[in-house]
Amino acid sequence: MAKLKPRARIIRTIGDQLISGPEAAIIELVKNSYDAEATYAKVKFGYSDMEGLSIIVKDDGHGMTYEEIVDNWLEPATDAKIKNLWSRSGARRLLGAKGIGRFAVSRLGEISLLTTTAENTETGSLERSSICVDWSSFTAEKYLEDIDLDIVKESVEKSTATGVEIEVAQLREVWTKKQLEHLIIELRRLSHPRKEDKFSIYLDIECFNENNSTFDGATIFNQQNSSLHISTEAALEGEDKHLIQPYEVGEITDYRLEGHFLNDGTFQGIFQIQRGDNAAQPIELPPLALQEGERSCGPVKIRLNIFDKEPDSIEKLFGRMQLNFSNFGVRNARKILRDFSGVSISRNGFRIRPYGDPDFDWLGLQAKRVQEPSKRLGSDQVSGYVEIEDEIESGIIEKSSREGLEENGAYRRLKSLIYQLLPHIEERRFDFREKAGIGRKPATNLEKAREASKLKQVSKALEKVPQEYRSKLVAAIDKDAMAINDMLDEVDAYQKLLQSRSALGLVVAEVIHEGRRRLDPMLTSAKTLKADHKYAFEDSKIGELYRRNFPTEIETLLSGGTALAKLFKRLDPISGRRRGRPTNFKAEEVLDDALSILQNKLGSDGIEVKCDFPAGIKCYGYREDLNAAFLNIIENAAHWLSTVEGGERQLAIDARSDKNKAFISISNSGPEIDEAYQGRLFDAGFSLKSDGNGLGLAIAREACRASNGDLYLDADAVHTTFIIDFPLGG
């Protein structure tokens, strides 16, 4: 029987692959201290005449016995932490599970000395063990089995403190100012502090000074470790001056969201507008159905702070923080908020790198904001965290390199849940800003003008006028009031016309935006195919690459073209082109056409359609207008019904006629529309879909109006119900 005989250098090779850099290596060792139930992890850089720069990582955890060093620490990829998910006393959920701590040590330097004091549970005595490893001896010339490591063990007094100290010398990296700054930021972002854990991180880089470096370590530490409420000038004494100050999701912000997703995707939380009345607005989203390629990611907690970026908004925010804005200025204030920005993913209270870094926009917020800057949130406007469960319960797996998460079904599900939630936050924020005049000036209120036209104060004053003069004055006032009302009627009619044209203009703007979004990748694919077409049949690496990418580029062109064709078809009813004279037509036939077009969508999502539609109803107008309204409303209903996990998915359509109008009701049993959104449902660009363009309902309403009809939401109905108001035919 043959066996694998790994060369000794495999330790170095794997370590370089698993540990991305020296900062990541130090973080791994700090996490090991946490798992050992330590109350602190102290990282200290120091210089010695013999060894040069060295790093010491020390903790006061339970340490390791001689046997644990042999059976665990010297056994790469041990499953000890997989078998035991909790720390020794059961107080902490273990962070590590892949057994790569010793790779972190080898990644830092060539020589390491591990000294550990622990209690021998069998004898009850304390023992100290130490092992010195020269990682440079792990070369290709030797096999792993040929390298002997000596462990020295001795008994110590009972009063000796337990813990681990690892000193690493002959460092593999020259630590620059930039690397040290990055290390401080990484350590600050490592955890969301939990008081019950009582775990602190210290970093001492005071050994760097003008004599041995081009920078001063203490200055760098104070600059990068400061926060809004901790002055860099107010230096702490003793070891406390090396204490890492974690980035916290503060209590004061402009807008806050806090809540949790259940296993089935149900969301329950609250949204607060702190720059407004700070009232707790409940947000509840129904279960979200699993999409293709997704699997449950378990329960998820989320907490987000959101900031407005206008100078006036930032100044007011700092005022609520009880900070003197003049000491910062707009530029520095924005930089501070950006440093705090980023949505991290944490597990057991510790951040998973690189989620939460300001430059790592894993939710793609910035790209969406570029498309709709007035509404969408940018990554530099949000700070907070998403907390997930362990790998077994969530199915979300950390990469072996500890740099991110595997792109599996559970991770895709996590992103889907957040994408479903974000539009609800953005719409509520947008609505507040609009009403508060932050985004735009508030609209004038015609009803207030009508109320003022009644001249109540003047009429009240007339009561003091002698009777013989009063009648003439009342007649004159009534005449003027009627004239004002007539003018207001004209203003009202003109305003409605402008609103209709404005809505159409917004639709066109959204179409242009949507068209560009589709055209950009199509043009890129077309240019790629054209530029390299000469290599299509060439027997070369370029030719092979061209042929390999060809199906993808063609699919991009096809899907984009299909989407544009569909978009143009939807716009046809409100295009304004000459369509001949309006005619009489059977409404039921138009409905049958719409249901036929959408039958695959309805069937694949298990949606049951119930119709109570009298056959004799005839409408007068343009057939394509009613068809467009049907298609957009039913397609929108089908989307929201498909998000419902469990329960019946029903679409009910009925109709009735009254005098010269037909009233067609389209109702679905999907999620209810929050009252906060009902006033903006038909605004072009308004959408609660994570990938929606906000055109469907706007087009449907304008199509109805193009035939002198209308479309509105029945707010009193049990289910989500839209009413089409359409002229009756003869």
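Strand 12 (residues 342-347) and strand 13 run antiparallel to each other and pair over two bridges, where two strands count as paired if DSSP finds at least two bridges between them, and where strands themselves are DSSP runs of E with at least two residues, helices being runs of H or I with at least four residues, both numbered from the N terminus. Within this pairing, Arg351 in strand 13 is the bridge partner of Ser346. I should say at once that this is a predicted model, in which local features need pLDDT of at least 70 and side-chain atom pairs count only at pLDDT 80 or more, while totals for chains, interfaces and linings use all residues. Residues are numbered from 1 along each chain as its sequence is written, and side-chain values use heavy atoms, with hydrogens and water left out.

Let me widen the view to the sheet. It is an open sheet of seven strands in the order 10-9-8-11-14-12-13, with mixed pairing. Strand 10 (280-285) and strand 13 stand at its edges with a single partner strand each, so one side of each has no neighbour in the sheet.

Moving to the other end of that order, strand 8 (residues 255-261) pairs with strand 9 in the antiparallel sense over seven bridges, and His260 stands opposite Gln268 in strand 9. These two strands form a hairpin with five residues between them, and Gly265 in the turn has a positive phi of about 95°. Strand 9 also pairs with strand 10, again antiparallel, over six bridges, with Gln268 opposite Glu284 in strand 10. In this second hairpin there are six residues between the strands, and Asn278 takes a positive phi near 65°.

Why is strand 9 described as largely enclosed by the rest of the structure? Five of the seven residues of strand 9 (residues 267-273) are buried, buried meaning under 20% relative accessible area, exposed over 50%, and partly exposed in between, with a 1.4 Å probe and protein chains only.

Strand 13 returns when we turn to helix 6, whose buried residues pack against strand 13 (350-351), helix 2 (22-35) and helix 9 (329-340), among others, a contact being heavy atoms within 4.5 Å. The buried residues of helix 6 include Leu180, Leu183 and Ile184, but also Glu181 and Arg188.

Finally, Glu427, which lies in helix 12 (residues 409-435), is buried, with a relative accessible area of 1%. Leaving aside neighbours within four places in sequence, Glu427 is in contact with residues including Lys375, Tyr677 and Arg680.
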